[in-house]
Amino acid sequence: MFDLRYHVASLAAVFIALIIGILVGVGIADRGLLDKGTRRLLEDRITVLQNRLDNTSQRTAASDREQRAMQTYIKETYPVLVHNRLLGKHVAVVFVGSVDTGALSDVERSLTDAGAQETRMRALKAPIDVRQVDARLAADADGKSYVGKTKLESLGRALGEELVSGGDTPLYNALIPALVEKRSGGSKAPVDGVVVVRTVPPQRGRTSRFLFGLYQGLSSPGLPAVGVEKTDTRPSAVDIFGKSGLSTVDDVDESAGKLGLVLLLAGAPTGHYGVKQSADDVLPPFPTALARGG
């Protein structure tokens with residue numbers, strides 16, 4: 001027998017598709033044609049669709065159609081929704097492990113599309129060589145108080161704070177040979193937010209304690225700090241990112257994930273967003289007070 005819920009959900013999917021058609025018809029590809037009112041309408045429409053998905057998700061097989069329709073809608077409207085939302089902002093990108101060029105490309109595209117600048121990028125070695133780290137610290141006047149395995153979490157926290165605050169960075173400078181695998185951009189300028197990507201498996205023991213402190217330090221100045229990963233990342237880093245105070249986006253390789261990252265860096269409420277079971281929602285709320293026109 002034909003399921004009424006299937007019929008309603010199918011109509012909803014058609015409705016969303018019609019919206020996309022209308023937007024394309026009025027020239028969404030031409031970014032200059034969209035004023036602040038039209039952009040606000042797009043944001044409100046995504047919020048409505050997201051609420052509908054929250055209420056209907058997994059209830060019927062047709063909910064998959066709504067999910068696909070929403071993803072299509074976000075993909076079509078993404079350039080307008082992120083345009084200049086981070087204009088003039090400076091963002092640091094930190095890799096725990098070697099640089100993943102795909103993830104870096106996804107993050108950089110998000111920043112570029114939103115008008116932000118990647119001020120610096122750091123790829124940190126993991127696991128860490130504690131003996132080498134202690135040797136570098138012991139030889140530095142500012143680092144001596146962090147020598148020893150019991151100080152690893154405090155060391156990570158202090159280093160994280162340096163990476164986002166800029167200015168003089170004595171710990172970072174002393175530990176470059178021991179901790180830094182790759183770097184670009186200077187260390188002096190402060191940043192307005194930070195994006196973290198983990199490319200190594202979950203760490204144990206001393207490295208785990210150091211990284212927990214590092215994540216806390218990156219988020220401690222009160223600036224937006226977001227841990228991101230791709231939809232196929234296994235094992236996920238969302239849990240440890242969340243425990244250490246970072247917001248998360250688990251689908252940065254998708255348009256919805258890029259939009260979520262931009263919104264969080266623009267000041268949206270902290271939380272965990274994306275498509276995995278650990279996510280609070282698909283997207284964070286739009287930070288209305290920070291919304292900018294096209």
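At what angle do the axes of helix 6 and helix 8 cross? In this predicted model, the axes of helix 6 (residues 152-165) and helix 8 (residues 205-219) cross at roughly 35 degrees and come within 6 Å. Two values of this kind, the angle between the axes and the distance between them, are used to describe two packed helices. The crossing of helix 6 and helix 8 is right-handed. On the side of helix 6, the residues that take part are L152, E153, L155, G156, R157, L159, G160, E161, L163 and V164. Their partners in helix 8 are R206, R209, F210, F212, G213, L214, Q216, G217 and L218. Sorted by class, this contact comprises nine nonpolar, five polar and five charged residues.

The overall composition of the chain is considered next. Its secondary structure consists of 10 helices and seven strands. Of its 294 residues, 48% count as buried. Among the contacts in the chain with a separation of 6 or more, 72% are made by residues 24 or more positions apart.

In soluble globular proteins, there is a tendency for nonpolar side chains to be buried together. In the present model, the largest nonpolar core contains 41 residues, and V228 and L259 have the most contacts inside it. At least two residues of this core are supplied by each of helix 2 (36-56), helix 3, strand 1, helix 4 (101-113), strand 2, strand 4 (193-198), strand 5 and helix 10 (255-265). A second core, separate from this one, has 35 residues, including I128, V200, L214 and L246. L214 is also one of the helix 8 residues that meet helix 6.

The surroundings of L259 and of two buried valines were examined individually. Beyond residues up to four places away in sequence, L259 touches I74, Y78, L81, V82, L283 and F286. One of these partners, V82, is placed in helix 3. V82 has a relative accessible area of 1% and therefore counts as buried, the cut-off being under 20%. With residues up to four places away again set aside, V82 touches R39, D113, A114, L259 and V262. The C-alpha atoms of V82 and L261 lie 10.0 Å apart in space, although 179 residues separate the two in sequence.

The second valine, V226, belongs to strand 5. Its relative accessible area is 1%, so V226 is likewise buried. Leaving aside neighbours within four places in sequence, V226 is in contact with V194, V195, V196, S247, T248, V249, L261, L264 and L265. Between V226 and V262, which are 36 residues apart along the chain, the C-alpha separation is 9.9 Å.

Helix 7 (residues 170-179) is mostly covered, with seven of its 10 residues buried. The buried residues are L171, Y172, A174, L175, I176, A178 and L179. Strand 2, helix 5, helix 6, strand 3 (180-184) and helix 8 are among the elements that cover them. Helix 6 and helix 8, described above as crossing each other, thus both appear in the surroundings of helix 7.

Attention then turns to a charged residue. K276 is placed in the segment after strand 7 (272-273). With a relative accessibility of 14%, K276 falls under the 20% cut-off and therefore counts as buried. The side chain of K276 reaches the backbone oxygen of T233 at 3.4 Å. Apart from neighbours within four places in sequence, the contacts of K276 are with E229, K230, T231, T233, R234, S236 and D250.

Several backbone features occur in loops. R234, a contact of K276, is joined to P235 by a cis peptide bond with an omega of about -10 degrees. P235 lies in the loop between strand 5 (225-228) and helix 9 (238-243). Another cis peptide bond joins A126 and P127, with omega about 5 degrees. P127 is located in the loop between strand 2 (117-124) and helix 5 (130-138). Finally, N84 shows a positive phi of about 60 degrees although it is not a glycine. N84 is found in the loop between helix 3 (63-82) and strand 1 (90-96).

Definitions and conventions
Residues are numbered from 1 along each chain as its sequence is written. This is a predicted model: local features need pLDDT of at least 70, side-chain atom pairs count only at pLDDT 80 or more; totals for chains, interfaces and linings use all residues. Side-chain values use heavy atoms; hydrogens and water are left out. Helices (H or I, at least four residues) and strands (E, at least two) are DSSP runs, numbered from the N terminus. Buried means under 20% relative accessible area, exposed over 50%, partly exposed in between (1.4 Å probe, protein chains only). A polar contact is a pair of N or O atoms within 3.5 Å; within protein, one must be able to donate a hydrogen and the other to accept it, and residues adjacent in sequence count only if both atoms are side-chain atoms. Contact means heavy atoms within 4.5 Å. Axes are lines fitted to C-alpha atoms, for helices over the stretch in contact, and angles run from 0 to 180 degrees between N-to-C directions. A crossing is left-handed if the near helix is turned anticlockwise from the far one by less than a right angle, and right-handed if clockwise. Ala, Val, Leu, Ile, Met, Phe, Trp, Tyr, Cys and Pro count as nonpolar, Asp, Glu, Lys and Arg as charged, and the others, Gly among them, as polar. A nonpolar core is a set of buried Ala, Val, Leu, Ile, Met, Phe, Trp, Tyr and Cys residues joined through side-chain atoms within 4.5 Å.
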